[in-house]
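Here are my notes on this model, as numbered points. Please read them with the structure open.

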Amino acid sequence: MGIFHSRIKSPDVLEDFSYKTFPVFPPVQPPDRQGTEDSSLPATLATIAAAFLLANVLLAVALQPDRPKLEDDAMCGMTTGGKAECYFDCETTYNRRNPTLRLIKNLTCLLDCFEDEDGEECIGKLLEDIIAK
């Protein structure tokens with residue numbers, strides 16, 4: 001048999017298990033949640049912004065690239081074999097449509113710009129046709 005099928009059923013024997021009147025306890029109040037009523041949005045945003053700024057500054061300092069030291073060079077200001085463009089000696093005029101581009105007045109000065117055969121043959125003949133007309 002088990003606990004529930006006891007042979008002794010007299011109230012005197014079961015006195016320990018009888019219902020006793022206990023004092024009424026006050027209801028349990030849940031504790032207040034932390035930070036729900038006192039939260040300040042501007043303070044939170046300022047903290048996040050300060051942390052973001054600090055992280056960016058630290059990353060910029062940590063990942064700073066190596067910069068070469070600026071020093072004088074013996075070849076500073078010396079040309080290394082370059083030559084002037086062929087149209088530098090041509091006379092130019094103001095361009096009303098596009099003022100940043102200059103127009104060449106006399107196109108015959110461009111005929112000496114093409115040193116290779118293809119340029120002289122193709123563009124040179126085009127320039128000659130334009131000059132003739």
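**Notes on the model**

1. Start with the side chain of N95, which reaches the backbone oxygen of N98 at 3.2 Å. This is a predicted model, so the distance is a computed one. A polar atom of the N95 side chain also lies 3.1 Å from the backbone nitrogen of R97. The N95 side chain thus has a backbone oxygen of N98 on one count and a backbone nitrogen of R97 on the other.

2. Where does N95 sit? Its place is in the loop between β1 (92-93) and β2 (103-104). Is N95 buried or exposed? With a relative accessible area of 11%, N95 is buried, because the cut-off for buried is under 20%. Setting aside neighbours within four places in sequence, N95 is in contact with L101 and L103.

3. The structure holds one aromatic pair. The rings of Y87 and F88 have centres 5.2 Å apart and planes at 85 degrees, so the pair is edge-to-face. Planes over 60 degrees apart count as such. Y87 is partly exposed, at 42% relative accessibility. F88 has a relative accessible area of 53% and is exposed, because that value is over the 50% cut-off.

4. Next, helix α2. It covers residues 117-132, 16 residues in total. At 1.5 Å a residue, α2 should span 22 Å. Its end C-alpha atoms are 21 Å apart, which agrees. There is a bend, though: about 30 degrees, at G124.

5. Which residues of α2 are buried? They are G119, G124 and L127. G124 therefore appears twice in these notes, as the site of the bend and as a buried residue. As background, an α-helix has 3.6 residues a turn, so residues three or four places apart point the same way.

6. Now the whole chain. The protein chain has two helices and two strands. Along the sequence, the pattern reads α-β-β-α. Buried residues make up 6% of the 133 residues; N95 is one of the buried residues, and so is L127.

7. Last, contacts and surface. Take the contacts in the protein chain between residues at least 6 apart in sequence: 11% of them join residues at least 24 apart. The accessible surface of the chain comes to about 13,700 Å². Carbon and sulfur atoms account for 59% of that surface.

Note on methods:
Residues numbered from 1 in each chain as written. Predicted model: local features only at pLDDT ≥ 70, side-chain atom pairs only at ≥ 80, totals over all residues. Heavy atoms only, no water. Helix = DSSP H or I, 4+ residues; strand = E, 2+ residues; numbered from the N terminus. Expected span 1.5 Å × (residues − 1). Bend = angle between axes of the 7 residues up to and from the residue. Buried < 20%, exposed > 50% of the residue type's maximum accessible area, 1.4 Å probe, protein only. Contact = heavy atoms within 4.5 Å. Areas by Shrake-Rupley, 256 points an atom, 1.4 Å probe, with all protein chains shown as cover. Phe/Tyr/Trp six-rings, centres within 6.5 Å; stacked < 30°, edge-to-face > 60°. Polar contact = N/O pair within 3.5 Å; in protein donor to acceptor, adjacent residues only side chain to side chain.
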